[in-house]
Structure formats: C-alpha cells, structure tokens
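Subject: Structure handover

Hello,

Here is the structure I promised you. Please open it alongside this email, and my notes follow below.

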Amino acid sequence: MDLGMIGMIVGGWFATCVVNKLAEKVSLHLDDQYDLLTGAKAMAEDVTARLPRIRAVIQAAEGRPIRDPALAAWLRQLKDAAYEADDLLDEFEFKELHDKLHSKSKVSDFVSPAVKLLKHFIMSDDDLKNLKNLAGNLEKIYLDINCMEEQLKDYNSQQRSVTRETSSIIQDIVVGRDTERDMILDMLLHLADEPESSIKSGTGSSSYPSVGVLPIVGIGGVGKTTLAQLIYNDERVARHFELRKWVYVSDNFDVKRISKELAYDSVLARISDDSSLDGILGKVKDATRNKRFLFVLDDVWDETGSKWRELRGVLTSGAKGSMVLVTTQSPVVAEVMGTMDPIELKSLQEDDYWILFEHCAFGEKNVEEERREKMQTIGRKISEKLHGLPLAGKVLGSLLNSKLDEDYWKMILESEWWEHEYVLDNILPSLALSYEHLNANLKQCFAYCSIFPRGYVLEKDRLVQMWMAQGFIQNKSRVRMRMEDIGGQIYDELTSRYFFLPTLNDKYVMHDLIRELAVFVSLDECLVISDEKGEIPETIRHLTLRTDKKMDAIMDTCRLQNLRSILFFGDNDSERFYSFLDSMLKQSKSLRVLDLSYSQVKLKKLPDAISGLSHLRYLDVSCTRIKQLPKSFGRLCHLQVLRMRSCHLKRLPEDMNKLINLRHLYGEADTISLITGIGDLIDLQELEEFRVTKKRRHEIGELKGLRNLRRRLAIKNLENVNSKEEAMEAMLKDKEHLTALNLIKNLDPRSLPDAETEIFEGLQPHPSLKELRIKGYGGTRFPTWMVESKFLTNIEFISLDYCVRLESLPPLGQLPFLKELHLANMPAVKRIGREFYGDTGVAFPSLEVLKFKDFKEWEEWLEADGAQFLPRLRIFDLQGCYKLRKVPLLFLSSSLVELHIGYWGDFGNALPGCLQSLTSLTDLQIVDYRAQVSLCLSNLSSLKHLELWDCPEMKLVGGGLQFLTTLERLELTRCPKLIESSEPVQLHEEQGLRTLNGLTIDDTVLLQNLWILLGSLPSLQRMHIRWCHGMTNFTREQELWFQQLTSLQDLEIYYCENVESLPTSLANFPSIRKLHILTCPKVTSLPGNGLSPSLEELHIGACPLLKDRCQRGGADWPKIAHIPFIRIDSETIQML
C-alpha cells in the first residue's frame, strides 16, 4: 500500500491542540489593542477570524485515512501553518520572558501583559515579517476551505456508512475461552436460584435488581462478540430462556431502534418509524412480561448511561433470572450498566492462539508436509507479533490463506500490518473504535506514544511531562488543577481503556497492536528510525532514533527543521555523536522535547547550540555523564523539566535561577546544591534535597517562594540556621502540597538545647503533612508543634533518630492517623510512660508499625494506665535496648503479625506470656536473648517464619516445634538448649513441619540431635548448614536424615572450618539443583560416590584443598563433569 496515498492520516490532534492554543493567545492579545501598528493589528485580526473554521476542518479530519492527494496536501498545508503560528507566538513569549529576566526591556508596570507582548514584538521588523507570512499562508489555504470541507464531509459519511455489524450466528472456531464460557454459563443458568440480595448492586442496578446485567469488557478484537455468540447459542441457554434477542448497538444507542428489535420477531412485523417511543417501549414491556429472557447488547458505547436507563425501566417485568449480556470496550459502560462484576477478556494464551491462527491461515487446504512445516515456522513468527489478539489472528490468517506461498508469507512477516489495505480495513475499525471515542486531548496524547519503541515500559510522570512540553495538556475548565494532575487523569483513562496494559511490576506497556494503531494514526508526524536506512518524510515532527553504532542510518535526519521531539536510544560513538547532535540542534529550532537518557553515549558536555532552543521544555540528559552545561544554558526560560540523574556536574552556569518556568528538576543532591538562587524557580514542584549553607542565595530562606513543592523535601545541614526567625523564612507551614519532610542536622555538642528548640519551632510544617523524619535534633524537649495534637493532624509516619538530649518522648499516642513510628538512638531516655501516650482514651489508635532501636539507657516502659493501647499494631520491632527490663508485652494486640526482638535485657515472664495470645503472628525473630526463658509456641498457628539466634539459655516447651504446621522458613543458630526432654516426642501425621521450604541450622542443631525433631520435611527446598565449628564429620544418623529430604533443591554448606568430609548423601538427593560449598578449608575431597546427577550448578569458594581437585583433569573432575555450571573462587570453570 502506498503510504503517500494515505496522505494525512492524523495530524489532526497535534494541529487541533496548536490551533486551540493559537486562538486563545491571539484572542487574548487583541483584547487590548494598545499602540499596535495598524497593519499588524489587521493581520492578527484576520488570523483570529479564520481560526474557528480551520479548527473545525482539522477536527473533522482527525484519524481519517485521507487517500485523495489534493485533500491530503491541503490539510498538510493547514497543519504546517498552524504549527508555524504556534512557534511564532511561542517565540514572542520567549523574547518577552528573556528580556524581562535579563533586564533588556523596561515596560511600565501598569500596562497589561498582553499589550506588553504585542507592543514589544509586533513592532519589530522580523516579527512583522513572520506575522505577514503566516497571514499570507492562511489566506492562501483559506481560499479552498469550502471545497475541502465538503470533501471531508463526504469522506466521513462514507466512513460511517461502512459500519461493523454483528449477529448471533457463530462464524468462526472458538478456542481458549472455556474458562470464561463456563463462568458466564454458571451465572446465567443459576441466577434465578440466587437470592436478590446476593446480586451485586452496582451503578447499573439502581432499583431494578430483578434484571441481571453482565458486562464482557476488553480491548477491541479480543473476542467479546465471539464469546457472547458462544453463550447465546449454547443449547442449555436456549432451553433455559423463553426469550432470546441479539441487538448490535455500536456507538449510537438508539433506544427506539433497539426497542423495536427486542419487541418484534421479524423485520416484516416491525411497525413504522413514526410510532412513538413510549408505544414501542410498551411493546417491549409486554413482550418480556413474566418471561425469563436473555438479551445481548453487542458493542455498547453509551458511557453516560442515560439512554440505557430509558430502556432498563421497561425490562423489570420479566421473570426472575432474566439477564442482559453487554459487550463493550469501555470500562465506563461496564460500570454504568453492570449489576455484576464484569468479565474482563484478556488476549489468548500462546498455544490457543496458534491453533486459531493456523486454522485461519491454512483452513482446509492440503499442503505437502515439508512445505507446510516451513510455512508454519513463518506463520508462528507472524503469530507472535500479534500477541494473542483473536481478530488480528483471523484477519492476518485469512490474508495468508489467500496465497499459500512461502515468499508471500515472508513478505507479510517483514512488513508492517497497516501496509496491507485488507488488514487495514478489517482490523483498524475494531481497534480504532475505542480510539474514536476518545476526545481530542486523549487522541493526541495516545498518538504521541508511537514515538516510543516497541516494548517500551511507560513511566507515568515522564510521559505526562512530555505531553505538557508539547502543549497537549490544557486546563479548559475553571477548576484549579495542575497540568500534571490533568495529564495523570489522561494517563489513567488511557489505562482504563486498555491502551496501556499493566506489567508484573506495576508499570505499563502498550500491546504491540495498540502501538501499531498509534503508529498508524500518527504516521505523518511520528517516526522511530532503527539501524536500517529508510525514507524520512519531511512532515515528521516527533522522531526517535534507535541505532547501535550505525550513525549512517540517521545522518539524514540533520536536515529536518520542524522537529518538536527527539529521543535517542542505543549505543553510539561519543565523538561522532556529539558532532551529529550539534548539527541536529542547530536545525531543530522548534524542539520541545530532547531525551538523551537512553542513548548509552558518554558526553563530556552538551553542545552550545542547545541554548538556542527557545521552545525547549523537556530535557533529559540522565546517564550521559556530562560534566558541564553550556554557559548560556539559563536562556532556556521555557524549560519545564530538567532531568540529569547520574550526571556528576562539578559546576553549573551562574544563571540557572533564570529557568523560571522549571517545574521538575531531577539530579544528584551534590549537583542540585550548586544552583545559586534556587528560590527564584517558583514553579518548582519537586526538590528532593535542599542543603543549607551560609553562602549568599544558599540560605534556608531560598525555600520561601517555593510554595508549589510537593511529595518529599529533605532539608540538610540545619546547623547553619542561626535563629527561629531565619528558620521561619523557609515558610514550611505554607507548603500545603508537601507530603513528606525530612529535617536533618549534624550533631554539635556546643549547641544550646533551648536554641535548637527555638530553631525547630520555626520549622513548623503544614498540617497536611503525612510523613516526618527528624535526625540530629539537639533539644531536651520538642517544639510546640510536635507536642500539641492540633498541628500534625494528618501525620501517618514519624521517624525520630539521634535526638541525643531528649529525656522523654512527645505525646505521639494522641495523633489519630499515625500508622508507623520509628524511634532510634536516644541515649538520654531512661523511662517511657504516660507522657508518650498523650491525653486520650485510646493511645496510638491507628498505629500498625512500632520500632525501637538502640535506646541504650532505657530501663522501664510503663503501661497506659487503663487507656486502650496499640489496638491495631501489626509489626513490633525492639532492638538494642540492653538495660530494658520492664515492657508491657502482654498488651500487644492479637492482630500482631510480626515480632522482632534482639539485643535486649531480661523480660522475665512477659515474653512467654504474650506469645500465648499472638495467634495471628506470622513472623517471630528473637536474637541475642541471654536470659533463661522457656517458650511455648504451640498457639502460633499462623507462624510462617521463625528465627532463633544466639539464645544460649532458651528452651522450647509444650511440644517444641511440632505444632508449627504452617511454618515455611526456620533459622536456628547457637541455641544449644532449645529441646531438653527425657521423653521422645511422637510426631503425628497431621503435625510436624510439613510446609517448611527453607531451613538454616548450625552445629548446635546437629550435635544436640535437635534435627531429629524436625522430621522428614517433605516440602524442604533450601537448606543452609553454617558455622559448624564443633564438627569434623557428618554422622550416619545425620546422613540418614539427609536422605529423607527428597524435595531439596538448593544446599549451602559454609563457614564449617573444622569439617573434613562432606556427607555421602550428596549423591542421592533426587531433586537437588544447586550446591554451594564455601569456607570449608579442611574438606579434602568430594564424596567418593560423587554428586547427584540432577545437579545443575556447583559453587566452591575458599576451599583450597578442593580447588585443585575440582579443576579439569583434577582427581574429582569425573565426579562433577556432568554439571552444566561450575564456578570456583569467582572463576567459571564450566558453562554448558
């Protein structure tokens, strides 16, 4: 297919956005006509008068494949003029900003900004010439607007006349949908048996629970209609429902038409079009009265739900168990109409998809076996490109079926799917339906995503910032919203409509076919170039260069002058790349987005040409290792986003504070701290770290004007703040968008405690703060805003660290929403009591995580004197409190799931007593408990991880470990007295560690025969044997125990410095895959009977006697030659 014949395919949404912006700007500038030259005023008025019709024409052309060359050329001219106008106005704004910042133009303050702009620029010769050219271009284009508008209407009417129609008849084979089919059938056939109260009362149910509405939702072409046909034609469904009807709805939810199709059995029986809607709805009600019916409404798009509500009102007279099955691509429709959770249809699994694809490609045709195998190989590669979308498989399969020729199939494999009109006409309508229902803003944002390579993982913030840079995000409502928030809503909506699909790590990608749709609709504006040289259309404005050291493939791009985005991917020669980049930037004067972060090129500096990009709004040089920015970098006063992570700049230009439109700044803290006068960047949304110094324009007062800061802010070096008044200059209490604040001060023994308290009084945050960290505070008491509950009303997380003079804790128990509290390194605290809980009936009502660490002088923790205490605590961690003797452990909630205690004193009966009630505990860790204690673990029925380490006097009573039937990981180290019983313990079938899959033990377990009580461990997969200093060999009994571990896959033996021989059972583990032998210097050889044949990896380290024997040709090599991967002392010996 000749792409030139398609002409302008999209362009619309990019240009629509530009025209909208242009109309607003010119209109604004003409509101006040102060001191304009008559000619300039007339030209500007002429431009603004023509914009509404221009905008209408561009919107009419959105997304349509225009195959008429003349119409396409005219539309392209129209777009070019719109872009030119945008650049011109943007240049006006840039010059005004630049001159204002650099004090080159002084205009009276009482003159309006719009008048200042036009007075200053339209009076200049160059700008008058540009405006004249623009007006001339628009006049020339405008002459043909009537004719072209008619042609577009014809195209659009033809487009609408070719509508996709469906019926209830199954036309294709159906594979891979058994699970969904059975699930839906179960709902349909048993709905009448369910009590009405059990049916989900969703948005669509309202007061009509007698009619179940089950939506099937999914991306276009995924097989929703086919699944509905399968259900509709099932014999059980036919018997179950007295009345069944199938209606194809599409994007026009015509209640009158749909009602007619539901009310009448045949086309001939239908009444005339002049019948009233009420009359027809009445017929529907009569037809369904007391009948159990199934109606399928296929391909519904009415997201308002208003028309559905008209129809739904007459469907309530049917019998119980009546059902409406709805298929839709829109999650909004599913939510509005559904009374049940929707069935979300995913792409087919690979094997199922191949069955479908092969059936469509070969059909019933006989092909000789050898030729068929070759074509199957090609077919599988084509199938993989379609990623399980059934419609694409059917269409591409049918295309291949038309010509069972190997060369033809290869040609299809190597081409893009939209290059074939048959595919274009059969896939695009379904995929594009969802796209067609997007508004212009969403369309342009989606189309722009075609600049990312296939498989690119989308990052929400980055993508939204690129949309902003292109001007796609406009706040047309009067609601006060940031551009970032509007962009976030657009991203979320595209995600909810399946344009972006989630990955396993909560990031998003585009399905390959959805990406191809984006490529198709942006074909004349967006392009990804790889290593192969190809033709580059002059119309390209958004370009991605993806090359690996093949610069020749991209050299032609230097001639492109209209680029608005350039993204680099791949590895290139740094010197040659620098020269190429310099040439490209000199040409690309319209550039808005430049991203070098994926280029894997190491640049020492950026070309000076970048400072001439007056329109640049997004720059990412992360990971390029640049050492310096151009001296005139501060000229980029339109820049909104600057990313320079992993760039360790030692010096920055002096005028970085002139980047007054900068909203997002990312870089290493050392780099950001170099900016002098950062407080001038009043639009800055994020500043991860601010370092206070006494140097001019680096004081804490720089934070004063940064009222838009949000997310996290760390303020370091607070020792450089001298007074409360100076601290107040930061105006932290006005920064309502900050969610996390970190106040860090270096400890100074010479500082006065009262002075520190006063300084921190001046650092009071806004009440909306959710997370607070304080480190290095030197006061003896906390400031007022930490003590009185009215200040931190929304706080959820607090961390206090190295508050070395603090003798008592603030009343944090009165904070209503505090969920997590970390307290560490407070050597002056000896007692914690009522002052910690505050004046409240429930202390810490929302707290879920409580951690104490290194309270070295802490002796006593008192109860809450009758108040309810920690009712929601889930995690309790107590470490390094050596003198602590009294702890209210008995008050720990039964909801506790993790208890970690280590390096502490003697708690007496508190610990054994609390364990009796912690029935929800899943993780218990006790480390370095030196006192005598007997613990009963039999009540810990939910325990999954148990670690006992360095507890020399600890005993387990009441059955030891045998009742821990849910345990998955067990670590027992240096606990020699755990089991002391004269009577052997009998393990019953239902008891024992049957779910244990990870075990770590030392010689105290092996030497004291504690391993006997562990049993056969049928699920054990990983075992670590460590620190066996008292053993020289493994006994026969231990060897027999090893042989019971039939599921073991990973074994590590390390730091066993006196062990001389390894267990002979290493040859018999049937499932073992990995074996590590580390720091066992006295082991002389591998077992005589060798190692298990199932072994896949062998790692040996710090075993000098084994090292030589296990080399190729060594004495033990025959025992290990079968192992695919062998590594000895960080050297790979074998890798098969």
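Start with a buried pair: glutamate 180 and arginine 177 are both buried. They form a salt bridge, with the closest N and O atoms 3.7 Å apart. Keep in mind that this is a predicted model.

**Salt bridges**

A search of the whole structure finds 53 salt bridges. Here are some others to look at.

Aspartate 178 and arginine 181 meet through their side chains in a salt bridge, at 3.6 Å from N to O. Both residues lie in helix 8 (residues 178-190). They are three residues apart, about one turn of the helix. Aspartate 178 is partly exposed, with a relative accessible area of 47%. Arginine 181 is partly exposed too, at 24%.

Next, look at glutamate 303 and arginine 497. Their side chains meet in a salt bridge at 2.7 Å, N to O. Glutamate 303 lies in the loop between strand 3 (293-300) and helix 13 (306-312). Arginine 497 lies in the loop between helix 22 (483-496) and strand 6 (501-502). The pair therefore ties together parts that are 194 residues apart in sequence. Buried or exposed? For arginine 497, the relative accessibility is 4%. The cut-off for buried is under 20%, so arginine 497 counts as buried. Glutamate 303 is partly exposed, with a relative accessible area of 25%.

There is also a network. Salt bridges that share partners join Asp86, Asp87, Asp90, Arg564, Arg592 and Arg617.

**The five-stranded sheet**

One open sheet has five strands in the order 2-3-4-1-5, with parallel pairing. Strand 2 (243-250) and strand 5 (343-344) are the edge strands, and each pairs on one side only. Inside the sheet, strand 1 (residues 212-217) runs parallel to strand 4 (residues 323-328), and six bridges join them. To find the register, go to glycine 212: its bridge partner in strand 4 is methionine 323.

Helix 11 lies across strand 2 and strand 3 of this sheet. The helix runs at about 160° to strand 2.

**Helix 11 and helix 12**

Helix 11 (residues 255-263) also packs on helix 12 (residues 277-288). The angle is about 35°, and the axes are 9 Å apart. The crossing is left-handed. From helix 11, the contact uses Val255, Lys256, Ser259, Lys260, Leu262 and Ala263. From helix 12, it uses Leu277, Ile280, Leu281, Lys283, Val284 and Ala287. By class, that is eight nonpolar, one polar and three charged residues.

**The seven-stranded sheet**

Another open sheet has seven strands in the order 8-9-10-11-12-13-14, again with parallel pairing. Strand 8 (526-529) and strand 14 (664-667) stand at the edges. Each has a single partner strand, so one side of each is left without a neighbour in the sheet. On average, neighbouring strands are turned by 10° against each other, direction ignored.

Strand 10 (residues 565-569) and strand 11 (residues 593-598) run parallel and are joined by four bridges. Here the register can be read from isoleucine 566, whose bridge partner in strand 11 is leucine 594. Helix 24 (residues 574-587) lies across strand 9 (542-546), strand 10 and strand 11. Its direction is at about 170° to strand 10.

Best wishes

How values were computed. Residues numbered from 1 in each chain as written. Predicted model: local features only at pLDDT ≥ 70, side-chain atom pairs only at ≥ 80, totals over all residues. Heavy atoms only, no water. Axes fitted to C-alpha atoms, helices over the stretch in contact; angles between N-to-C directions. Helix = DSSP H or I, 4+ residues; strand = E, 2+ residues; numbered from the N terminus. Left-handed = near helix turned anticlockwise from the far one by under 90°. Contact = heavy atoms within 4.5 Å. Nonpolar A, V, L, I, M, F, W, Y, C, P; charged D, E, K, R; others polar. Pairing = 2+ DSSP bridges. Salt bridge = Lys/Arg side-chain N within 4 Å of Asp/Glu carboxyl O. Buried < 20%, exposed > 50% of the residue type's maximum accessible area, 1.4 Å probe, protein only.
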